[in-house]
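Thanks for coming, everyone; I would like to walk you through one structure this morning, slowly, and I will ask you to keep the picture in view while I talk. I will begin with the sheets, then turn to the contact between the chains, and finish with salt bridges.

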Amino acid sequence: MAFVNIQNLRKTYGDVVAVNDVSLDIEEGEFVSILGPSGSGKTTMLKSIAGFVDPTAGSIVVAGNEMIGLPPEDRNMGLVFQRLALFPHMSVFDNVAFGLRHRENLTEAEMEERVAEILEIVSLPGYEDRNIQNLSGGEQQRVALARVLVLEPDLLLYDEPLSDLDRQLREQMRREIKDLHDRLEITSIYVTHNQREALTLSDRVLVLHEGEKIRYAPPSEIYQDPQSKFVANFVGDSNFVSVTKGQNGTVTFEDDDISLPMHEADADAATDLLYIRPEDITINPPDGERVFSGTVRSTVHLGSVTEYKIEVGGNEFLTTDLGAPQYTEGDSVTVRFEDYGLVEA
Amino acid sequence: MLGAITDFTGDLVGRPNRVSDWLDEYLPAVPPAAYLLFFLIIPILYAVYISFFEYSATTIISWNFTLEHYEQLLFDPFYQGLLWYTVRLSLIVSAFCVLLGYPLGYFIATTTPLRRQLALFAVFLPLMVGTVVRIYGWIVLFATNGVINTVLQDLLGFKIALLGNTLSVTIGLIGVYLPLVVLPVYSSIEDIPDSLVPAARNLGANQLQAFYKVTFRLSLPGLLTGTIFVFVLTMNSIVTPDLLGGRSDLTMGRLIYDSAVNGLNWPFASAVGTILTITTTAMVYIYFSFVRDRMGVSEWD
Ligand SMILES: Nc1ncnc2c1ncn2[C@@H]1O[C@H](COP(=O)(O)OP(=O)(O)OP(=O)(O)O)[C@@H](O)[C@H]1O
Ligand SMILES: [Mg+2]
């Protein structure tokens, strides 16, 4: 059995089904993200695992032990909260030692050693006597990590720990979480609605939508083969076009006479919705196949990339190009669809 | 405004303008300082001052120095008993206000919004009605010929003394001052972020340990504030003991009132006031230090 084995987890609040029969296996040392829009049941799942929500049905086995029915303090899991939940009335040392005092029988000297060790690991050496309230956002984040890491938990749980940080700090902490995981290899579940975090951090991503498991696969697989419109749209942006399948292995845009050769993988797909990633559309390519003419409808400069909306036939496509804007509204251009696929509507 | 002007003149002269810097810094403190001076410090100092003079039936204060009021208050068993009665009453009332008020404040802070509103309303409502009005209401109910005793007499043929004793004074004071503990406790628990207790549980604390180390500990400032209010007000209470108590339920406050207003013995009343203030301050200080040392409460936010 996998290190973490969740079977048919279900939680309802009256008529609201927060988590709908979700099953999940996580191998030891794996980093798994739960990705989904607001209200999709991410926190409810995480709280069920940590023991703060009583599931309506299902089982959660960690390291061979059934967790359902155990109070939170008897599950050896470290939970990092969105708002960190550091104890404001305690020093950094007392925050980090809090768990050691309850979970382990250590002498004061052993405890000091363990705390010093873990503060070293999260790059806060010598911070023991600091007051929580006087720490910067990033430092508080590290204390929150140290506080759970010091207990060497079976399972690390993160509930959107970076969502309150500014962009730069968020990027930095994301890298640090990744480094920590690479070094300590603690099995982790990371809840987020930020696809970038999910894709860059995880070995596998669970995509939730309205309490249901939509996909559970490695990030590259989810990105390259989204399978459903929801995933194609939520994990990365996508353009969608209704198509009809032709006899000779082509798809033809509805309302247009644009035809594209169909990928072999899509030959049996029982769907007529095509998705095209913005980065898979090339503007003004050298002549070749699959080139169509269009008109630039809008230009937005986003710094390192520029976002265009281009009308091709009766459809408008979002596309991105590296660098500063080269075309302006009204320009006539040609486009080539480099890659695309079919998804369930 | 003042700051802008100061900066401007500072630039103009090219060096710090001492006088306006000084004004900038201390001017905002003047109104509160004046308030304290006129309404607290001067009256107290004056009261302490006249407590060292003899009483005169004709001029009230005779201006002959004496320690007789203090000798009387500190060594006469009657007055000793009266101080002890006041202290004991205040301790008991404070203790019960904590025992009843803390759970009530906790309940209000943690229950559903609807129940919270109802409970808060129930706690606030009595504060809207003056103490005297409320106590007269109780008297109508509990007096020897009041509603309850009339019913008892009719049904069972006897009456019980529900008023005019120390018990009725104690219960009355608890009833009057309970909100003063409930409200600060409620608000300090309400301010605790929701995730702190789950965080403590996740780190291995059971429900009771998490409550003690997080909720209770973070609500101590509120509890402390509330208890000090109740203690100080009971030490100085006049109306409730007067209306609900018997002849022997004499507090220091009633003594001051009787001496100053009925007896016009201002020097003696001032001496009672001085002793009451010193005792109250000393006890509050001891309580405060005790909580601070025991609980490690060092900061008050
Ligand atoms: N205690 C509760 N009582 C009633 N409904 C709840 C409760 N907790 C969650 N829900 C509902 O369950 C659903 C899932 O909520 P959950 O908090 O798990 O979403 P989430 O994916 O974490 O969302 P977010 O990204 O906004 O944090 C929501 O519809 C929510 O309203
Ligand atoms: Mg959530």
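Please start in chain A, where six strands make up an open sheet whose order is β6-β7-β8-β3-β9-β10 and whose pairing is mixed. I should say at once that this is a predicted model, and I would ask you to hear everything that follows in that light. At the edges of this sheet stand β6, residues 77-80, and β10, residues 212-217, and because each of them has a single partner strand, one side of each is left without a neighbour in the sheet. From one strand to the next, the twist averages 15°.

Let me stay with β9 for a moment. On one side, β9, residues 204-209 of chain A, pairs with β3, residues 31-35 of chain A, in the parallel sense and over 4 bridges, and within that pairing Val32(A) stands opposite Arg204(A). With β10(A), on the other hand, β9(A) is joined by 5 bridges, and those two strands run antiparallel; here Val205(A) is found opposite Ala217(A). The connection between β9(A) and β10(A) is a hairpin with 2 residues between the strands, and Glu210(A), in the turn, has a positive phi of about 50°.

Chain A also holds an open sheet of 5 strands, in the order β13-β12-β11-β14-β20, and there the pairing is antiparallel. Its edges are formed by β13, residues 259-261, and β20, residues 341-343, each with a single partner strand, so that one side of each has no neighbour in the sheet. In this sheet the twist averages 45° from one strand to the next. If you look inside the sheet, β11, residues 239-245, and β12, residues 250-253, run antiparallel and are joined by 3 bridges, with Lys245(A) standing opposite Val251(A).

Chain B has a strand pair to show as well: β1, residues 53-56, and β2, residues 60-65, are antiparallel and pair over 3 bridges. Tyr55(B) stands opposite Ile61(B) in that pair, and the hairpin that joins β1(B) to β2(B) runs through 3 residues.

Now to the place where the chains meet. How many residues of chain B are in contact with chain A? There are 18 of them, and they touch 22 residues of chain A. The area buried between the two chains is about 1800 Å², and carbon and sulfur atoms give 65% of that area. Across this interface there is 1 salt bridge, in which the side chains of Arg201(B) and Glu73(A) meet at 2.6 Å, N to O. Between chain B and chain A, 5 residue pairs are in polar contact. On the chain B side, α10, residues 196-202, and α11, residues 207-235, each supply at least two of the residues that touch chain A, and by class that side has 8 nonpolar, 6 polar and 4 charged residues.

Finally, over all chains the count comes to 13 salt bridges. One I would point out is the pair formed by Asp21(A) and Arg10(A), whose closest N and O atoms are 3.6 Å apart. Asp21(A) lies in β2, residues 16-26, and Arg10(A) in β1, residues 4-13, both of chain A, so this pair ties together parts that are 11 residues apart in sequence.

Notes
Residues numbered from 1 in each chain as written. Chains lettered and ligands numbered in written order. Predicted model: local features only at pLDDT ≥ 70, side-chain atom pairs only at ≥ 80, totals over all residues. Heavy atoms only, no water. Pairing = 2+ DSSP bridges. Axes fitted to C-alpha atoms, helices over the stretch in contact; angles between N-to-C directions. Contact = heavy atoms within 4.5 Å. Buried area = accessible area lost by both parts, 1.4 Å probe. Salt bridge = Lys/Arg side-chain N within 4 Å of Asp/Glu carboxyl O. Polar contact = N/O pair within 3.5 Å; in protein donor to acceptor, adjacent residues only side chain to side chain. Nonpolar A, V, L, I, M, F, W, Y, C, P; charged D, E, K, R; others polar.
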